[in-house]
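I opened this notebook to record what I looked up, one topic at a time. The entries follow the order in which I went through the structure.

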Amino acid sequence: MEKRTLLAVVLTAAVWIAWFYIFNPADGTKQSQPPAKIAEQTSSSNPEQVKASDAPSRTQDVLVKALTAASGVKESVVSLQSSQFEMEISTLGASVKKMRLKDRDIKATAGENPFTAKGSLDFAVHFSKGEFLGTGSLDSINWRHFQRNDGAQEYTASVSLNGGTINVTKRYTVPEKGDSFNVYYSFKNTGRTEVFFPDSSIIFSPTDLTGPGLDYSNNYNMPAGVFSIAGDFTLEHKGSGFFSKAGDLKSEDGSTDWVGVTSRYLLAIMKPVNFTGTGIVFDNRTNKGFRTGMKVALNSLKPGEEAVREFRVYVGEKDKSRLEAVDPGLKDAADVSKWIEPIRYFVMWCLLNINKLFGNMGWALVVFSILTKIVFMPLTKKSTDSMKKMQKLTPKINELKAKYKDKPDVMQKKMMELYKENKVNPMGGCLPILLQMPFFFALYSALINSMDLWNAPFILWINDLSMPDTVATLSGFNINILPIVMTITTFIQQKISMVDTGQGGQQKFMMMAMPLVFIFIFWSMPSGLVLYWTLQNVFQIAHQLIVNKFGKSNS
């Protein structure tokens, strides 16, 4: 029994490690495509690839130069209001300088950040990969502003491209209701010669970084690029993967459905209207932003010819229902496992409704822990009964082991017959914890991505259930209290729950190994999840003490 129990513990730990480390705990998500699918670009293999210091010169190499929008144009800002958005659009780069989501009263623009990224949502257009990595030709000039009769805000500027002149128009149309708005672009050749575009395409990107402003020193808060190619969702982090090398720029070709940038809680996504992109590019430099661009085919423009592209833009929470309301093709951007999703929403529904009574998510979590303990009580009782039956069978099991020690196959067969005759399930002791795993995963997903639990305090030093309960930092190492308490309670639970089956060595090993494995896994997890597990340990200790006391009095 101990071997099977130990195996179950090891498998449980393996599941945790696979989920939270291989599939990236930074946002509780995983990549749906292998890293090998991302083609690395290097300056030696691709002439468009440049380092940050080379970007301006490379921009000159393809002869891209912004022209003044109009003489004497200075920066001006126009304010827009809708049921969901409160934004300020600046003529500088024709970008959204500030944006607030009214229902959450939260900034969707990032502001100051350690990535030297723009704090605005610029919805920029780039004429080469060099511009994408450097400063875009139209990013740092003031565009000319017009307000249309339909309420749309229109901005125009001109750019010299390989000797030709292109007039660029960017238009924002913000409806009164909804979580999206449209950004329209037009490119018109106003010169006398045909203009050819580098790489036969242009690149559109929503932003370097989206809000809210967070403590980026914690991995859970690390932003990422997101995109969908041929219906496959990918979340792209900086750096190299197992199958790929690090580089300044990552790119991938394919029919691109949408592209965006994600923070821990918000998304900024550009979805083409009536066309698809031809690939993506991603800024992979360590200390830069998370700019993710969509390549859109555009070979050339003849004199007087105009090309038009329009995007539907979603800026808001990682909420699947909201994303689907904007466009069904965006639902995967919520990045919630389809297996965990139903339980996750049930967990959130319970917590939010309990919170109405207490006004404190920590106490709501305590009540939820009690309720789940009650729900799983029959399983716990069954587990306890199974362990007691196993204890009674220990002498017979030891006899079989001694009798058939040289015939392991026969020994296993005889042991299974013994279990069947006595109606004992050797895995019964571990079944409750395995069946509760989906709830733990769902709670983890809720604590990672739900804004309802962001900055939610409990008591004493626990001031944010969505983050580790760090009380001090020593030489860069965070000291967290709850994982230590959880480890102690796990050890006590193991000690009082363990039944003597005649193999004390394995029992002692498991009693020590399980808490050590769990403290490793839980050390940097959100304090809300560690609190939940700790409470489950405490309740199980109380239950076991009662069972042990009354079990002895009745024997």
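**Entry 1: a tryptophan at the surface**

I began with Trp-363, which has a relative accessible area of 40% and is therefore partly exposed. I noted that the model is a predicted one. I then looked up where Trp-363 sits and found it in helix H6, residues 361-375.

Which residues form a nonpolar patch on the surface with Trp-363? I found Leu-357, Phe-358, Ile-459, Leu-460, Trp-461 and Val-471 listed with Trp-363. Together the residues of this patch have about 750 Å² of accessible area.

**Entry 2: aromatic pairs**

I searched the whole structure for aromatic pairs and got 20. One of them is Tyr-265 with Trp-454, a tilted pair with 5.3 Å from centre to centre and 35 degrees between the planes. I checked why the label was "tilted": planes under 30 degrees apart count as stacked and those over 60 as edge-to-face, so an angle between these limits is called tilted.

Where do the two partners lie in the chain? I placed Tyr-265 in the loop between strand E16 (249-262) and strand E17 (266-272). Trp-454 is in the loop between helix H9 (431-449) and strand E22 (470-474). These parts are 189 residues apart in sequence, so the pair ties them together.

Are Tyr-265 and Trp-454 buried or exposed? Tyr-265 has 0% relative accessibility, so I wrote it down as buried. Trp-454 has 22% and counts as partly exposed. I needed the cut-off here: buried means under 20%, so a residue at 22% does not qualify.

I then came back to Trp-363, which forms an edge-to-face pair with Phe-458. For this pair I noted 5.1 Å between the centres and 75 degrees between the planes. The partners belong to distant parts of the chain, 95 residues apart: Trp-363 is in helix H6 and Phe-458 in the loop between H9 and E22. Phe-458 has 12% relative accessibility and so counts as buried, while Trp-363 is partly exposed at 40%.

I also wrote down a cluster linked by ring pairs. Its members are Phe-127, Tyr-185, Phe-187, Phe-197, Phe-204, Phe-275 and Phe-311.

**Entry 3: charges over rings**

Next I looked for charged ends that sit over rings. I found Lys-170 over the ring of Trp-143, with its charged end 5.3 Å from the ring centre. I found Arg-171 over the ring of Tyr-184, where the distance to the centre is 4.0 Å.

**Entry 4: a sheet of four strands**

I looked up an open sheet of 4 strands and copied its order as E3-E4-E5-E6, with antiparallel pairing. Its edge strands are E3 (77-81) and E6 (106-107), each of which pairs on one side only.

How many bridges join strand E4 to strand E5? I read 6 bridges between E4 (residues 85-90) and E5 (residues 95-101), and the two strands run antiparallel. I followed one residue across: the bridge partner of Glu-88 in E5 is Lys-98.

**Entry 5: salt bridges**

I found 18 salt bridges in the structure. One of them joins Arg-100 and Asp-105, whose closest N and O atoms are 2.9 Å apart. Arg-100 is partly exposed at 23% relative accessibility, and Asp-105 is exposed at 55%.

I also looked up Arg-322 and Asp-179, whose side chains meet in a salt bridge at 3.8 Å, N to O. This pair links distant parts of the chain, 143 residues apart. Arg-322 is in helix H4 (residues 320-326), and Asp-179 is in the loop between strand E10 (164-173) and strand E11 (180-189). At 22% relative accessibility, Arg-322 counts as partly exposed. Asp-179 is at 16%, so I entered it as buried.

Arg-322 and Asp-179 are part of one network, joined by salt bridges that share partners. The network also includes Asp-103, Arg-104, Glu-317 and Asp-452.

The last salt bridge I wrote down is between Asp-283 and Arg-285, at 2.8 Å from N to O. Both Asp-283 and Arg-285 are buried.

**Entry 6: an isoleucine in helix H10**

I finished with Ile-484, which is in helix H10 (residues 481-497). Ile-484 has a relative accessible area of 36% and is therefore partly exposed. I noted that its C-alpha atom is 7.1 Å from that of Ile-519, although the two residues are 35 residues apart along the chain.

Conventions: Residues numbered from 1 in each chain as written. Predicted model: local features only at pLDDT ≥ 70, side-chain atom pairs only at ≥ 80, totals over all residues. Heavy atoms only, no water. Pairing = 2+ DSSP bridges. Patch = residues over 30% accessible without salt bridge, like charges linked within 9 Å, V, L, I, M, F, W, Y side chains within 5 Å. Areas by Shrake-Rupley, 256 points an atom, 1.4 Å probe, with all protein chains shown as cover. Salt bridge = Lys/Arg side-chain N within 4 Å of Asp/Glu carboxyl O. Buried < 20%, exposed > 50% of the residue type's maximum accessible area, 1.4 Å probe, protein only. Phe/Tyr/Trp six-rings, centres within 6.5 Å; stacked < 30°, edge-to-face > 60°. Lys NZ or Arg CZ within 6 Å of the ring centre and 35° of its normal.
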